[in-house]
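User: I am new to this structure and would like to go through it step by step. Please keep the answers short and show the reasoning.

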Amino acid sequence: YYCAAGSSSARPAAGVCPRGAACPAGSVAPQLCPGGTFANQTGLSSCQTCVAGYFCPQGTDEPLTHVCPAGHYCPAGTQAGTEFPCSPGTFSAALGLSRASDCVACPPGQYCESAGQTAPSGACPPGLFCALGVRMVHPNSSSFAVVEFNATLATCDIFDQRLALTCPRGSFCPEGSSSPLPCPAGSFCASQGLEAVSGPCDPGYFCADS
C-alpha cells in the first residue's frame, strides 16, 4: 500500500499498489519497477526478477510480454532486449535465448562479423578458409581472426583466437571454403592465397596429389 497525505488507514482502499510498481513500507506513492524486474499483481511491496529469455523495461507488469529478440540472449533480470548480443563469430535466428551458450557458432565456410547477428555475414572470401566460428576483422583486407567454439567451456562468448587463414601453398580455397583443398594431380598451386589452381603441370613433368 501507499499512503498519500491525509490517509486515515495504513491500508487505504485508494492506496493499493498497482501492477508494474512496488510499495515498500512507508510509501507515499507507487514506485515503478526498475528495469529487469516486474510486478504482475497489485499490492506488492517489492518487484520480482525478470524471467530468463525475456526482458523487462521499467514498469513492466507482465513478465512474458517482451521476448528476447533474435541475435541476443536475456538472462534473468535483463532490462533491454539488446543488452546482451551474441558475440562476433556467433549468431542466432531464434527468439527467447537465455544464455550466451545458446548462440550458435558461425558455420564453417562462413563468417559472422558483428555482435547481435541473426544470420552469418557471408561466405568466406576466396583465397582464405574459415573454420568454425570465424569473424572478419577488416572487411576490405585479408586480416581475419578465427574464433572457435570451446566445447569444454560450453559457452559462446569465450573463444580461442588465432590468425593465419590464408590458403597455404599446394592448395586452393574458392569462396566459402572451410578448409584448404589439396591441389589435384596433374596441376600445381604455386603460392599462398589461391582461389583456384595455378595451372597444369608442365610437359615433361608430373604433379602428384599435394
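User: Is Cys-56 buried or exposed?
Analyst: This is a predicted model, and the answer rests on its coordinates. The relative accessibility of Cys-56 is 0%. Buried means under 20%, so Cys-56 counts as buried.

User: Which residue forms a disulfide with Cys-56?
Analyst: A disulfide is a covalent bond between the sulfur atoms of two cysteines. The sulfur atom of Cys-56 lies 2.1 Å from that of its partner. That partner has a relative accessible area of 1% and is buried. The residue is Cys-50.

User: What is the handedness of the disulfide between Cys-50 and Cys-56?
Analyst: The handedness follows from the torsion about the S-S bond. For Cys-50 and Cys-56 this torsion is about 75°, so the disulfide is right-handed.

User: How many disulfides does the structure hold?
Analyst: The link of Cys-50 and Cys-56 is one case. Another joins Cys-17 to Cys-23, with an S to S distance of 2.0 Å. Cys-68 and Cys-74 form a disulfide as well. The number in the structure is nine.

User: What is the angle about the S-S bond of Cys-68 and Cys-74?
Analyst: The sulfur atoms of Cys-68 and Cys-74 are 2.0 Å apart. Cys-68 is buried at 0% relative accessibility, and Cys-74 is buried at 0% too. Their link is right-handed, and the angle is 80°.

User: Are Cys-17 and Cys-23 buried or exposed?
Analyst: Cys-17 and Cys-23 are joined by a disulfide. Their link is right-handed, with 80° about the S-S bond. Both residues are buried.

User: Where does Gly-36 lie?
Analyst: Gly-36 has a relative accessible area of 4%, so it is buried. Setting aside neighbours within four places in sequence, its contacts include Cys-50, Cys-56 and Thr-78. Strand E2 covers 31–32 and strand E3 covers 37–38; Gly-36 lies in the loop between E2 and E3.

User: How far apart in space are Gly-36 and Pro-63?
Analyst: Along the sequence, Gly-36 and Pro-63 are 27 residues apart. The distance in space is taken from C-alpha to C-alpha. It comes to 9.6 Å.

User: Which backbone oxygen does the side chain of Thr-78 reach?
Analyst: Thr-78 sits in the loop between strand E4 (48–49) and strand E5 (90–91). It is buried, with a relative accessible area of 1%. Beyond neighbours within four places in sequence, Thr-78 touches Gly-36, Cys-50 and Cys-56, among others. At 2.6 Å, its side chain reaches the backbone oxygen of Pro-75.

User: Is Ser-101 buried or partly exposed?
Analyst: Ser-101 is found in the loop between E5 and strand E6 (104–105). Its C-alpha atom is separated by 9.7 Å from that of Thr-90, 11 residues away along the chain. The limit for buried is under 20%, and the relative accessible area of Ser-101 is 27%, so the residue is partly exposed.

User: How many residues does the largest nonpolar core have?
Analyst: In soluble globular proteins, nonpolar side chains tend to be buried together. The largest such core here includes Tyr-111, Leu-128, Phe-129 and Cys-130. Apart from it lies another core of five residues, among them Tyr-73 and Cys-86. The residue count of the largest core is nine.

User: How many strands are there in the chain?
Analyst: Several strands have come up already, including E4 at 48–49 and E5 at 90–91. The count of helices is zero. The count of strands is 15.

User: What percentage of the residues in the chain is buried?
Analyst: The chain has 210 residues. Its accessible surface comes to about 10900 Å², and carbon and sulfur atoms hold 55% of that. The buried percentage is 36%.

User: Over which residues is the pLDDT below 50?
Analyst: The mean pLDDT of the chain is 84, and 85% of its residues reach 70 or more. One stretch falls below 50, although it has 64 contacts in the model beyond near neighbours in sequence. Where pLDDT is low, the predicted coordinates should not be read in detail. The stretch is residues 137–164.

Terms used
Residues are numbered from 1 along each chain as its sequence is written. Side-chain values use heavy atoms; hydrogens and water are left out. Helices (H or I, at least four residues) and strands (E, at least two) are DSSP runs, numbered from the N terminus. Buried means under 20% relative accessible area, exposed over 50%, partly exposed in between (1.4 Å probe, protein chains only). Accessible areas come from the Shrake-Rupley method with a 1.4 Å probe; for residues, only the protein chains shown count as cover. A nonpolar core is a set of buried Ala, Val, Leu, Ile, Met, Phe, Trp, Tyr and Cys residues joined through side-chain atoms within 4.5 Å. A disulfide is a pair of cysteine sulfur atoms within 2.5 Å. Contact means heavy atoms within 4.5 Å. A polar contact is a pair of N or O atoms within 3.5 Å; within protein, one must be able to donate a hydrogen and the other to accept it, and residues adjacent in sequence count only if both atoms are side-chain atoms. pLDDT is the predictor's confidence in each residue, from 0 to 100.
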